[in-house]
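Student: Hey, could you walk me through this one? I'm new to it.

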Amino acid sequence: MTEVTLAVVGGGLRGLTYARRAHATGAGRVVAVAEPDPGRRAAFAAEFGIAPERVHEDWKDLAAAGRLADAAVIATQDRLHTDPAVTLADLGYHILLEKPMATEEHEAAAIAAAAVRNGIMLAVCHVLRYTPYTRVVKKLLDEGRIGRLVSVQHLEPVGWWHQAHSFVRGHWRREDTSAPMLLAKACHDVDWLVHLFGRPPARVSSFGSLSHFRAEERPATAADRCLDCPLEPSCPYSAPRLYLGCLGDPESEFWPLGAVTPGRTEADVLEALRTGPYGRCVYACDNDVVDHQEVVMEFDDGGTCSFTMSAFTPMEHRRTRLFGTHGYIEGDGGTLRVVDFRTGAEEVMTVDEAGGPSAADGHGGGDEGLTDAFLAAVASGDATLLRSDAEQSLMTHRVVWAAERARLSGTVVTL
Ligand SMILES: NC(=O)c1ccc[n+]([C@@H]2O[C@H](COP(=O)([O-])OP(=O)(O)OC[C@H]3O[C@@H](n4cnc5c(N)ncnc54)[C@H](O)[C@@H]3O)[C@@H](O)[C@H]2O)c1
């Protein structure tokens, strides 16, 4: 297969993940990067052997150099997707764009329009669509194994420490600097559920709030930082317990520890917890995104879906129950139990290749599946290797925005 050349915008955790996969398989080679953080930039350039003249501080410098590669990976933070995506699409790059596409609906629409206008392939990183597990679930549905899909019950178990890490102390804690949590986190689930149903819902409603990680919940004797707190040993959200516990495990050192500090010693971690955002008490942060949310969707044939996103779980794979007219499927991200109402027979299927659920272990094989599919699509010019295009992703993002409008207005929103 032809080796696809890549320009990476944002040499952070996600940029690294895709670049490493491309190099590991030999399907892609990074030839340019834009990354403002000097330490990250130097490490990224060294790891992938990028020529010094192709190592840029900002995506605008990279764009100013014209089209440097077949495709671009855009892995900047949520609010910095639109300008690079539109500009690089206009330069003719195929694009692998991190989710959410954008934080505003009109921006996501501009990105989709740029992809169509330029005839490029643009894949949004909805990695769940690319897991081996999803392939099996979708195939069972498409084969009619459970008849017509009538309703779905879906749980996204965010995980107590993952919530604290990303959505209380971390990058995605505030709507004004990132996005509502449904967009920042669960746009994956909404996209996946729409993928299973094969069409967008007709109506949505939603409830949810920030119930626990707020000042009113703070114990009287808690300190502002875990390292000064007398309650730290008994607190479920202890930062020292979480981050010191990552040391020595390469996967946990990459994520979540990689967001906290580039250092890998106890002294590095303690310094980051003493001075940085990840050492703060979870009840004394400036977070405002929800810690639990429900979305209910109704489809044009009366089919329904209820989706729960909750912080108050272990961090594990999503769990889903699919109720069909002729059968039932229950799945936990690795194993599927399929019951056929015609025979009463029950089959248990295990998807062997399914990895763990977190970013450290590739989102159940989704990170690898997406990277491989994108590179294969660019190499062959065959867009059908992608499980969604820019316009489909825009459509599923629109469902998220509709659900957020429903939650905030206490209404049922018709799409
Ligand atoms: N698909 C998934 O499952 C998944 C998982 C986690 C995160 N994400 C998304 O991926 C994106 C990146 O997340 P991350 O965890 O890698 O974040 P990160 O902060 O580790 O990486 C973002 C990088 O962008 C760089 N950057 C900032 N300004 C820039 C500029 N002007 N030009 C070029 N680079 C610039 C930052 O310095 C940083 O290194 C976010 O949108 C996030 O929501 C997706």
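**Around the ligand**

Tutor: Sure, start with helix 1 (residues 13-25), which gives the most to the shell around the ligand, with three residues; helices here are DSSP runs of H or I, at least four residues, and strands are runs of E, at least two, numbered from the N terminus. This is a predicted model, where local features need pLDDT of at least 70, side-chain atom pairs count only at pLDDT 80 or more, and totals for chains, interfaces and linings use all residues. Residues are numbered from 1 along each chain as its sequence is written, and side-chain values use heavy atoms, with hydrogens and water left out.

Student: How many residues surround the ligand?

Tutor: There are 25, and the closest are R14, E35, R40, Q77 and D78.

Student: And how do the shell residues divide into nonpolar, polar and charged?

Tutor: That's 10 nonpolar, eight polar and seven charged.

Student: Which polar backbone atoms is the ligand's oxygen or nitrogen close up against?

Tutor: An oxygen atom of the ligand is 2.8 Å from one of R14, and an oxygen atom is 3.2 Å from one of T76. For C125, a ligand nitrogen atom is 3.2 Å away from a polar backbone atom.

Student: Switching topic: which residues of helix 6 are buried?

Tutor: In helix 6 (residues 132-142), P132, Y133, T134, V137, K138, L140 and L141 are buried, meaning under 20% relative accessible area (1.4 Å probe, protein chains only).

Student: What comes just after helix 6?

Tutor: G144, which takes a positive phi of about 80°.

Note on methods
Near = heavy atom within 4 Å. Polar contact = N/O pair within 3.5 Å; in protein donor to acceptor, adjacent residues only side chain to side chain. Nonpolar A, V, L, I, M, F, W, Y, C, P; charged D, E, K, R; others polar. Buried < 20%, exposed > 50% of the residue type's maximum accessible area, 1.4 Å probe, protein only.
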